[in-house]
Amino acid sequence: MQVFRLGLPSMAHLLKAGRSALWVSRTRFNPPVFLMRGFDMSAPIVQKTIVSDKALAECRGLKARPHRRFACAKLEGTYAITRGARMEAYKQEFIKFMVESDVLKFGSFTLKSGRQSPFFMNAGAYVTGYQLKKLGEYYAQAIHDNFGDDFDVLFGPAYKGIPLAVVTAIAYHELYGKEVKYCCDRKEAKDHGADKGNLLGYEPQDGDRVVMVEDVTTSGKSIDETYPKVKAAADVEIKGLIVSLNRMEVGKGGVTTAQKEIEAKYGFPVASIVSMAEVVETLYNHEIDGKVVIDDELKAAIDAYYEQYGARE
């Protein structure tokens, strides 16, 4: 891996950047730098092959020939993307990933709250090794972008939060070189063996900094159940909660979203990889695998749902 300090790109370069193998690394001692990884990107937004570290290094070398200077400048501009532009492409990729993995569905679904929803997200549908690997990477990037590296433990509420915590811990080590531990709760406390109790995995210690991971938060009920367990285990600091999708509908209070209600109640930030507004913006009248995912009829159903249950924020 190579690290490049690049100048701010032009708007034209930002529009061309699309999806890339870059992300922002922030430390307390250094300004943002762009790290270039050499992995393949599936279904890139731009149709140009992503160049290797070697090609970019040659461009930045003193021996680059005069006739290649324009191409090199274009190359640097393409990859010198800001955090905002990179996140936009990254969110679009995640939305497409949810649809292709049959995790984000559209139709008519009865939620636990009793509401009839035109969409439903089920993280339990991530079942293959590839899907779980990619999912962990998306969560790791979202945590890194929203909360930074100042945490020690990933906590996933049972049951769907258990694999989320595991794959995110693996991905965080792979992407950022940081060892984080995973911890989950048990629905029923274990009363025998060396690992008895109501927690699974790492046992939190006083002073640990914890990020909680969930698939989606509609009412905040799971956090109400698991937060006391985590705080009872040790004197830990909850750095935040990350979810896949912000449904953007009213929580139990009937005014603001469940995410905002959790923030107000417990005092830690809640972030999502994408919001439902971003999902609609990305998929409305756009095709995935040759099929329009959200057409005019479905868009009208979603609009009607939010007219009734949307948060007034």
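The following legends describe close-up views of helix α8 and of selected salt bridges in a predicted model. Local features require pLDDT of at least 70 and side-chain atom pairs pLDDT 80 or more, whereas totals for chains, interfaces and linings use all residues. Residues are numbered from 1 along each chain as its sequence is written, and side-chain values use heavy atoms, with hydrogens and water left out.

**View 1. The buried face of helix α8.** Helix α8 spans residues 258-266 (helices are DSSP runs of H or I with at least four residues, strands runs of E with at least two, numbered from the N terminus). Its buried residues (under 20% relative accessible area, 1.4 Å probe, protein chains only; exposed is over 50%, partly exposed in between) are Ala258, Gln259, Glu261, Ile262 and Tyr266. Viewed down the axis of α8, these residues fall within an arc of 160° (directions from the helix axis to the C-beta atoms), so they line one face of the helix. Gly267, with a positive phi near 85°, follows α8.

**View 2. A salt bridge between α9 and α4.** Glu278 and Lys91 form a salt bridge (side-chain nitrogen of Lys or Arg within 4 Å of a carboxyl oxygen of Asp or Glu) at 2.7 Å, N to O. Glu278 in α9 and Lys91 in α4 are 187 residues apart.

**View 3. A salt bridge within α5.** Lys133 and Glu137 pair with their closest N and O atoms 2.7 Å apart. Both lie in α5, four residues apart, about one turn of the helix. Lys133 is exposed at 52% relative accessibility, whereas Glu137 is buried at 14%.
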